[in-house]
Structure formats: structure tokens, C-alpha cells
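Colleague: Before we discuss this model, may I see the sequence and the structure together? I should then like to ask about helix packing, the contact between the chains and a few single residues.

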Amino acid sequence: MAGKKFSRTWLTPVVAVLVAFAIGAILIYIQGADPLKAYQSLFSHAFGSWSGIAKTLGKATPLVLSGLAVTIGLRAGLFNIGVQGQLVMGAFAAAWAGYFIHGLPIYIHLPVALFFGVAFGAGIGLIAGALKAYRGIHEVITTIMLNSIILALVDYLAGHVFQEPGQILARTPHILPSATIPKIFSMPSGFFFAILLAYGVWWVFQRTTSGFRLETVGRNKSAAWYAGISVKRSVLIAMAVGGGIAGLGGGIESLGVIGRFEPTFNTGLGFDGITIALLGRANPLGVIPGAILIGGMRGAAASMQFDAGVAPEIVDLILALVLFCVTAPFLAKWLKSTEVGAKISSGWGN
Amino acid sequence: MKKLLSFKWLLTLLLVVITGYFYSKDGVITSSVVSTALIFGLPLALAAMVGIMCERTGIVNIGIEGTLLFSAFVGFFTASATDSDFYGVVAAVIAGTASGVLLAFMSISWKMDQIIAGTIINILATGLTSFLYKQGHTAPTTSEIDIPWLSKIPFFGQVLFMHGPIVYIGLVLIFVLYVALFHTSWGLRSRAVGEHPGSADTAGVSVFKLRYLNVSIAGAVGGLAGAYLSLELVGSWDRGFTAGKGFTALALMIFGRWNPMGALAAAMFFGLTQAVTNQLMFSQIVKIPDQFVNMLPYILTIVVLAISAGKVRPPAAEGQQYEKEQA
């Protein structure tokens with residue numbers, strides 16, 4: 001990657017983030033708070049100390065994976081906005097396997113529990129993929145509907161069927177020590193695994209035929225069809241792999257951070273994934289900086305409210321503005337930057 | 001086509017017979033269930049109109065959810081601040097129009113991918129309303145207007161003529177849209193732009209202007225739907241309280257074949273399933289966990305799409321950018 005091309009590709013996301021923060025500052029000011037103080041608190045809590053960094057990386061882990069899940073969809077011409085549901089399903093399944101299966105050593109129990117997360121996430125992705133491939137239903141609607149269905153389903157499961165005994169809250173029992181992801185030097189080890197996976201996905205798209213096939217389908221379906229690539233198969237693969245990665249994100253969250261499944265946690269992770277994927281220009285490695293930034297903001301939002309009296313929802317608003325600035329062409333045009341590589345198909349047809 | 005037509009009438013007849021049977025058993029409950037079906041179905045129908053107006057001119061709008069959330073928010077807090085339900089509704093319609101203009105701007109002027117443009121509206125609406133939301137406010141809600149004479153008719157009186165003002169406005173609007181879309185030159189031009197913008201352009205129709213106009217008006221309709229949600233149906237506003245209605249509306253639009261009457265019928269069917277479920281739960285005839293009751297509309301949406309997919313044809317130029325040919 002040449003230096004000039006690099007700066008052209010990444011200038012837009014960086015400026016988009018700065019513009020979003022600037023607009024956010026104005027809104028904070030209008031609300032009668034001090035934007036400088038708010039941002040200072042936000043960043044010092046997120047990146048200013050080892051414990052802060054550990055928290056940030058912990059928050060960033062599921063975000064890297066949800067961003068990857070959206071990225072894989074975008075590359076294959078699909079807009080997977082159901083990462084939220086896939087992730088939550090994975091979080092529940094992994095937590096269930098983490099407390100229900102007894103008597104296994106950690107080197108078997110932990111992978112098995114994570115596998116449950118991957119498999120259930122992939123299953124949910126596959127439902128949307130199959131509806132798209134065989135019935136031609138646009139994934140945007142099915143995945144949104146599945147999000148709501150799964151939210152209600154896991155709420156029921158964690159609140160009734162698999163509820164912790166004697167508990168009023170909807171939550172499962174705590175996972176066993178044999179399913180807990182160990183920490184390395186008090187850093188969440190799931191994060192390093194997520195980075196490795198991002199490299200893996202990047203390698204698949206850059207160097208393998210399977211990746212090339214998916215990308216061809218994403219860029220031009222008829223051309224892919226003429227070349228003998230099965231579009232249906234690609235849709236199924238992209239949704240299943242994306243769902244599986246999202247499910248893994250949920251699993252790591254359950255087994256490494258929360259220690260059980262509780263429906264009130266893991267909210268919004270999937271939608272941040274959309275922002276992260278588009279901020280990363282649909283590049284598997286591009287999701288890493290975005291996920292760290294957003295993870296830091298999410299982790300430090302409560303402290304910022306305490307320090308500067310700004311509602312933590314300012315983070316939602318800044319992220320929405322980031323998404324707007326990074327996708328709107330005015331910045332790219334102004335900065336003479338290159339466009340996003342993959343374009344997703346508009347319209348309900350195939 | 002003929003086969004489907006008879007199926008449609010058969011289904012209608014069946015519904016009429018069932019309703020008649022229950023009405024003879026218990027008139028009060030049956031009237032209230034059917035009336036509730038209209039109350040639940042109307043926001044979906046109005047939101048589906050937003051989709052129809054946009055897509056008939058070739059613009060995909062998946063930002064309806066955001067339009068509903070944002071306009072309901074603006075409507076509620078304006079009504080709260082001015083202590084007037086009327087100003088609240090007006091503000092909601094203006095807010096809806098603004099979101100329509102933003103979508104038009106992104107997808108027509110900036111030629112952005114329309115799915116991404118719609119998603120931005122959704123996420124922006126969520127972020128903005130979450131940040132600005134203040135708990136503990138109340139607002140005056142619209143009050144029920146009983147139409148003189150007509151509301152005295154047994155059954156139909158309660159079902160059709162004892163509602164809040166937005167129900168009447170909404171129903172009239174849907175019929176007007178139906179007539180306008182298929183029986184006026186505006187409708188013909190709009191559909192032409194959605195099917196083959198090149199030909200429409202050749203015939204002297206300004207593709208950009210008409211798309212801008214229709215997407216903006218659609219936003220206003222979405223604003224009315226938002227006002228209905230916060231000021232007439234629920235009477236309050238909460239984060240994410242639109243609960244996917246904007247997406248369900250798109251499914252109803254597809255199921256109703258991009259026809260206002262079809263979408264209205266589909267929305268009423270949705271409303272009816274919800275009203276019947278509520279009644280069953282209320283009278284404790286069946287005991288289903290709340291979560292499964294909440295799931296019902298989402299599952300129905302997917303089922304409805306799975307049934308209608310492949311049998312319906314969307315407007316041909318939908319989702320595509322139109323580039324004027326250079327001389």
C-alpha cells in the first residue's frame with residue numbers, strides 16, 4: 001500500500017470523526033455544559049490509564065467482531081443489520097453452554113461454549129440468508145425483524161426457562177470457572193483473538209478464491225453468475241459466517257466480560273458494528289481503529305456524565321454523525337478521497 | 001390474476017362471516033376488537049403509504065422507522081411545551097417533512113446508496129432523540145371525536161366513527177393517495193418516473209423535481225404517523241418506542257403490491273391479529289408469555305414477505321440513480 005493511497009483512503013474517516021466531534025461539541029455547549037471538559041473526561045477515562053485501556057479493549061472486542069460481521073456482508077453485497085440479534089443469540093447460547101455443561105476441563109469447555117455462540121449466531125444469520133437466497137426477501141427487513149424476535153426470545157429464555165434460581169431479574173446462572181476466558185496481564189484476551197480474526201478475514205478476502213468469489217458477487221451479481229459462481233451459495237456463506245462472527249462476539253462478551261447472559265447487556269453493539277464497518281471502509285482491518293475508538297467512548301460515557309454533566313447518549317449522537325459524515329460524499333469530494341470499495345445493492349430486487 | 005381476485009374476496013367474506021358470528025355472540029367485545037384493529041393498524045398503514053409514495057417514484061425508503069421516531073418525538077415535546085395537541089401535530093408533520101427532504105437530498109442530489117441513506121436517517125433519529133430526551137414530561141393528547149349520527153350506527157359506529165382526529169385524517173389521506181396515484185396526471189407521472197425515468201424525462205417530466213416532491217410529501221405523511229403514535233395512540237414518547245413499525249410497514253407495502261388499498265388491507269389484518277391477541281390475553285382465554293405476544297408482528301412480517309416474495313414486482317427503477325443523458 002503506497003503512502004499516498006493510504007492517506008487518501010483514510011483521510012475521510014479521520015476527518016469524519018473530527019467533524020462529528022465538532023458538531024457534538026456545539027450540541028453539548030447548547031445544552032449548557034463544557035464540551036472541552038466532557039471530551040477531556042471521555043478520553044482520559046478511555047485511554048489515560050492501564051485500567052481504562054483494559055476496559056476500552058474489553059468493550060472494543062465485541063465491536064471488532066460485529067464490525068467484521070457487517071463488513072463481510074458489505075463485501076458480498078449484503079447489508080446485514082441483524083448483527084445485533086446474531087450477537088445476542090450467540091451471547092445467550094455461549095452462556096448457556098458455560099453454566100449448563102459440567103465436568104469438562106477448561107481447554108475443552110471454553111472452546112465448546114464459544115462454539116455454541118458461533119453456531120447459534122450463524123444459525124440466525126443463515127435464516128436471513130436462506131430467506132434472501134431462496135425467497136428473494138431483502139435482508140434488511142428480515143434481519144431487523146429477527147433482531148426483535150431474538151430479543152424477545154432470549155428475554156423469555158433467560159427470564160423463565162433458564163433463569164438463575166431465586167432471581168427476580170431475567171438472567172442465567174453464572175458460568176463455571178472452566179468456561180471463563182482468562183485474562184492476560186489484566187487485559188481481556190478476547191481482544192487479541194478478535195484482532196487475529198480480523199487479520200484472518202482480511203487474508204481470506206485478499207488471498208483466497210472463496211474471498212474473491214464473495215467479493216465478485218458483491219460487486220456484480222450477473223457477472224458472478226456468468227462466471228459460474230453460485231450467488232445463492234455466496235449469500236448463504238456471507239450471512240452464516242457474518243452471523244457466526246457476531247455470535248462469537250456475543251460469546252466472548254458472555255464468557256470473558258459479563259460472566260452470564262443478561263438481556264439488558266449487549267444492547268446496541270450490532271448497530272455500532274454498522275458505523276464501524278463503514279468507518280473502516282468495508283476493510284476487515286479497518287474495523288480495528290473504529291472499534292477501539294467507539295469501545296473507548298462507550299466505556300467512558302458514564303464517567304463523562306459524572307465529570308461534566310453531559311448525558312451519555314451524546315455518544316449515540318456523535319456516532320450517528322460519524323456515520324453520516326463518513327458515508328456522505330461531500331467530505332470525500334472535498335478531500336478528493338477514494339470511494340468505498342464495495343457498494344451494496346439498493347432496492348428490494350436481487 | 002382472476003384466481004387471486006376470487007381468493008381475496010373469499011378471504012374478505014370469511015372475515016365478515018366470522019365477525020358477524022362473534023358480533024351475534026357478544027356485540028360489545030366484537031365492536032371493540034375491530035375498532036382496536038383499526039387503531040393498531042392505522043400507523044402501519046400510514047407508514048406503508050410513506051414507502052409507497054417513495055418507491056413508486058423510484059426511491060427506496062428504509063428510513064421510515066427513523067421518521068416515525070423523530071416526528072413522534074418532536075410532536076410530543078412541542079405539544080408539551082405549547083400545551084397544545086394541534087401545534088404538536090403540526091410540528092410532527094414538519095419534522096417528518098424535514099426527514100423526507102434529508103432522504104431526498106442524500107439519495108437524489110448526493111446519489112448515495114439509498115439503503116445506507118435510510119439507515120443514516122434511522123440511526124441519526126435514534127441518536128438525536130436519545131440525547132435530547134428528558135424524562136417526566138406530559139403532553140395534551142388529541143381527544144376522541146364522535147361523528148354525529150354516524151357514530152350511533154350499531155357496530156360500524158364504534159368501529160369507524162368514534163376515533164381521534166388523526167384516524168379520520170389518515171384514512172381520508174390513504175383514499176386520496178389511492179385516487180391520486182392511479183387517476184391523476186401526478187400519479188401517472190410519478191409511476192412513470194418509478195418505472196422508467198428515462199422515458200418520463202423524454203416526455204418532459206422533471207425526474208429530480210418529482211422525486212424530491214414525492215419523497216418530501218411522504219415525509220410529511222410519516223410525520224402524521226409519528227404524531228399519531230405519540231399524541232393519539234400511546235400518549236407519550238419513549239426511546240425506541242416505534243418498535244420496528246417502519247420496517248413492518250415496508251413488508252405491508254410489498255404485500256399490498258405497492259398499492260395504497262392493498263397496504264391498508266394488510267395493515268388492518270395486522271391490526272386485527274394484534275387486537276384479537278390482546279383480547280384473548282385480557283380475557284385470560286389463553287395464557288401466552290408476553291414475549292411471544294411481542295414477537296407476533298415480527299414473525300408475521302417475515303411470513304407475509306415469504307408468501308408474497310416472487311409473486312410481486314417492485315417498481316422497475318427503484319433504488320437506481322437517475323443520470324440525465326448528456327447532449
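**Helix packing, chain contact and single residues**

Modeller: In chain A, A:Gln84, A:Gly85, A:Val88, A:Met89 and A:Phe92 of H4(A) meet A:Thr143, A:Leu146, A:Asn147, A:Ile150, A:Leu151, A:Val154, A:Leu157 and A:Ala158 of H6(A). Please bear in mind that this is a predicted model.

Colleague: How are H4(A) and H6(A) oriented to each other, roughly parallel or roughly antiparallel?

Modeller: Helix H4 (residues 83-100) of chain A packs on H6(A) at an angle of about 25°, and the axes are 8 Å apart. Angles under 35 degrees count as roughly parallel. The two helices, H4(A) and H6(A), are therefore roughly parallel.

Colleague: How many charged residues does the contact of H4(A) with H6(A) have?

Modeller: By class, this contact of H4(A) with H6(A) has 9 nonpolar and 4 polar residues. As for charged residues in the contact of H4(A) with H6(A), there are no charged residues.

Colleague: How do H3(A) and H12(A) lie to each other, oblique or roughly parallel?

Modeller: Helix H3 (residues 50-75) and helix H12 (residues 287-308), both of chain A, pack at about 135° with their axes 7 Å apart. Angles over 145 degrees would count as roughly antiparallel. The angle of about 135° therefore makes H3(A) and H12(A) oblique.

Colleague: Which hand has the crossing of H3(A) and H12(A), left-handed or right-handed?

Modeller: The residues that make this contact include A:Leu63, A:Gly67 and A:Thr71 of H3(A) and A:Gly295, A:Gly296 and A:Arg298 of H12(A). By class, the contact of H3(A) with H12(A) has 10 nonpolar, 7 polar and 3 charged residues. The crossing of H3(A) and H12(A) is right-handed.

Colleague: Let us turn to the contact between the chains. Which element gives the most to the side of chain A that touches chain B?

Modeller: The contact takes 38 residues from chain A and 39 residues from chain B. On the side of chain A, the elements that give two or more residues are helix H5 (106-135), helix H6 (139-161), helix H11 (269-279) and helix H13 (314-327). The one that gives the most, with 12 residues, is H6(A).

Colleague: How many nonpolar residues has the side of chain A that touches chain B?

Modeller: This side of chain A has 8 polar and 5 charged residues. Its nonpolar residues number 25.

Colleague: How are H6(A) and H13(B) oriented, roughly parallel or roughly antiparallel?

Modeller: The axes of H6(A) and H13(B) come within 9 Å and cross at roughly 155°. Angles over 145 degrees count as roughly antiparallel. The crossing of H6(A) and H13(B) is left-handed. By their angle of roughly 155°, H6(A) and H13(B) are therefore roughly antiparallel.

Colleague: How many charged residues does the contact of H6(A) with H13(B) have?

Modeller: Among the residues in this contact are A:Met145, A:Ile149 and A:Tyr156 of H6(A) and B:Phe292, B:Met295 and B:Tyr298 of H13(B). By class, the contact of H6(A) with H13(B) has 12 nonpolar and 5 polar residues. Its number of charged residues is 1.

Colleague: Which helix gives the largest share of the largest nonpolar core?

Modeller: The largest nonpolar core has 205 residues, and those with the most contacts inside it are A:Val322, B:Ala48, B:Met49 and B:Leu252. Beyond its neighbours within four places in sequence, B:Leu252 is in contact with residues including B:Leu44, B:Ala48 and B:Phe270. The largest share of the core, 16 residues, comes from helix H2 (residues 27-56) of chain B.

Colleague: Is B:Asp83 exposed or buried?

Modeller: B:Asp83 lies in the loop between helix H3 (64-82) and helix H4 (85-109) of chain B. Its phi is positive, about 60°, although B:Asp83 is not a glycine. With 12 or fewer C-beta neighbours a residue counts as exposed. B:Asp83 has 11 such neighbours inside 10 Å and therefore counts as exposed.

Colleague: Is B:Ala243 partly exposed or buried?

Modeller: B:Ala243 is in the loop between helix H10 (207-233) and helix H11 (245-255) of chain B, and its phi, near 45°, is positive in a residue other than glycine. A buried residue has 20 or more other C-beta atoms within 10 Å. B:Ala243 has 17 and is therefore partly exposed.

Definitions and conventions. Residues numbered from 1 in each chain as written. Chains lettered and ligands numbered in written order. Predicted model: local features only at pLDDT ≥ 70, side-chain atom pairs only at ≥ 80, totals over all residues. Contact = placed C-beta atoms within 7 Å. Helix = DSSP H or I, 4+ residues; strand = E, 2+ residues; numbered from the N terminus. Nonpolar A, V, L, I, M, F, W, Y, C, P; charged D, E, K, R; others polar. Axes fitted to C-alpha atoms, helices over the stretch in contact; angles between N-to-C directions. Parallel < 35°, antiparallel > 145°, perpendicular 65-115°, else oblique. Left-handed = near helix turned anticlockwise from the far one by under 90°. Core = buried A, V, L, I, M, F, W, Y, C linked by C-beta atoms within 7 Å.
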